[in-house]
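Please walk through this model with an eye on its metal sites and one of its helices. The sequence and structure come next.

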Amino acid sequence: MPGPITQLLSELRTDHRNMARLLKLLEGEGDRIYAGGDPDLRLMGDIMRYMSTYSDAVHHPKEDRLYAELRAVRPDRAGGMGRVSEEHRVLEQQGTSLLHRLEDSRSKDADSLRSLVTDALRYADLLRKHMRWEEADLFRRLDKLVAEGHDATSKAVVIDRRDPLFGGEVEKRFEDLYQRIANDA
Ligand SMILES: [Fe+2]
Ligand SMILES: [Fe+2]
């Protein structure tokens, strides 16, 4: 039977696929404004709310704990991992700031809309690069650990919090976003 590391890696990879879909939607709003249209601020706000509620609060902490496990078991294979928590922190900071600006209902002039979209695209780029690094490098270090027979965790790495959008039961505040993803599929 697969152990907790296998299980967690599978959840993390699913999260990445889901987040990539949301980033595509976010980037679509960037294309829209550069083509002369108006970005859908509600959609962007819903996406950033999900990033804050789930990615920052559940996905990244799960990874931090799992990486700590790897560092504890194989410190010799922890090279370059020091910056991962810092990247999580920066993503959370940028994401929260974007969310607050999107939730601010005061009307926005063309310049502030453009700066909002530019920052959203920068965030999308950072998160995408971060996920690529994890998949191409960090997750593989954990795969290797599992392949060598270490599929247990000494620390409580499991965070028992359901995904409010992709977790089977959609929370009310994410229903519009869910519909949008379903229409896009
Ligand atoms: Fe991460
Ligand atoms: Fe991740």
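What span should the 21 residues of helix H3 (residues 83-103) have, at 1.5 Å a residue? The expected span is 30 Å. The end C-alpha atoms of H3 are 30 Å apart, which agrees. Keep in mind that this is a predicted model.

Now look at how H3 sits in the protein. Its residues Val84, Glu87, His88, Leu91, Gly95, Leu98, Leu99 and Leu102 are buried. They cover an arc of only 100° around the axis, so they lie on the same side of H3. The buried residues of H3 pack against two helices, H2 and H4 (110-147).

His88, one of those buried residues, leads to the metals. The iron ion (ligand 1) takes His88 as a donor through NE2. The other donors are Glu63 (OE), His130 (NE2) and Glu134 (OE). The distances run from 2.0 to 2.2 Å. In sequence, the spacing of these donor residues is E-x24-H-x41-H-x3-E. The four donor atoms subtend angles of 87 to 177° around the iron ion (ligand 1), which makes the arrangement irregular. A tetrahedral label would need all angles between 85 and 135 degrees. Within this site, glutamate 63 in helix H2 and histidine 130 in helix H4 link distant parts of the chain, 67 residues apart. Both glutamate 63 and histidine 130 are buried.

Turn to the iron ion (ligand 2). Its protein donors are His16 (NE2), His59 (NE2), Glu63 (OE) and Glu134 (OE). They lie 1.9 to 2.2 Å from the ion. Along the chain, the donor residues follow the spacing H-x42-H-x3-E-x70-E. Around the iron ion (ligand 2), the angles between the four donor atoms are 80 to 173°, so this arrangement is irregular. Histidine 16 lies in helix H1 (residues 4-34) and glutamate 63 in helix H2 (residues 41-73), so the pair ties together parts that are 47 residues apart in sequence. Histidine 16 is buried, at a relative accessible area of 2%. Glutamate 63 has 0% relative accessibility, so it counts as buried.

How far apart are the iron ion (ligand 1) and the iron ion (ligand 2), and which residue bridges them? The two ions lie 3.2 Å apart, and glutamate 63 is the bridge. Glu134 (OE) is listed as a donor of the iron ion (ligand 1), and also of the iron ion (ligand 2).

Technical notes. Residues are numbered from 1 along each chain as its sequence is written. Chains are lettered from A and ligands numbered from 1 in the order in which they are written. This is a predicted model: local features need pLDDT of at least 70, side-chain atom pairs count only at pLDDT 80 or more; totals for chains, interfaces and linings use all residues. Side-chain values use heavy atoms; hydrogens and water are left out. Donors are N, O and S atoms within 2.8 Å of the metal (3.2 Å for Na, K and Ca); water is not among the atoms, so sites may look incomplete. Four donors count as tetrahedral if all angles lie between 85 and 135 degrees; four count as square planar and six as octahedral if opposite donors are over 155 degrees apart and all others between 65 and 115; anything else is irregular. Helices (H or I, at least four residues) and strands (E, at least two) are DSSP runs, numbered from the N terminus. Buried means under 20% relative accessible area, exposed over 50%, partly exposed in between (1.4 Å probe, protein chains only). The expected span of a helix is 1.5 Å times one less than its number of residues. The arc is that of the directions from the helix axis to the C-beta atoms. Contact means heavy atoms within 4.5 Å.
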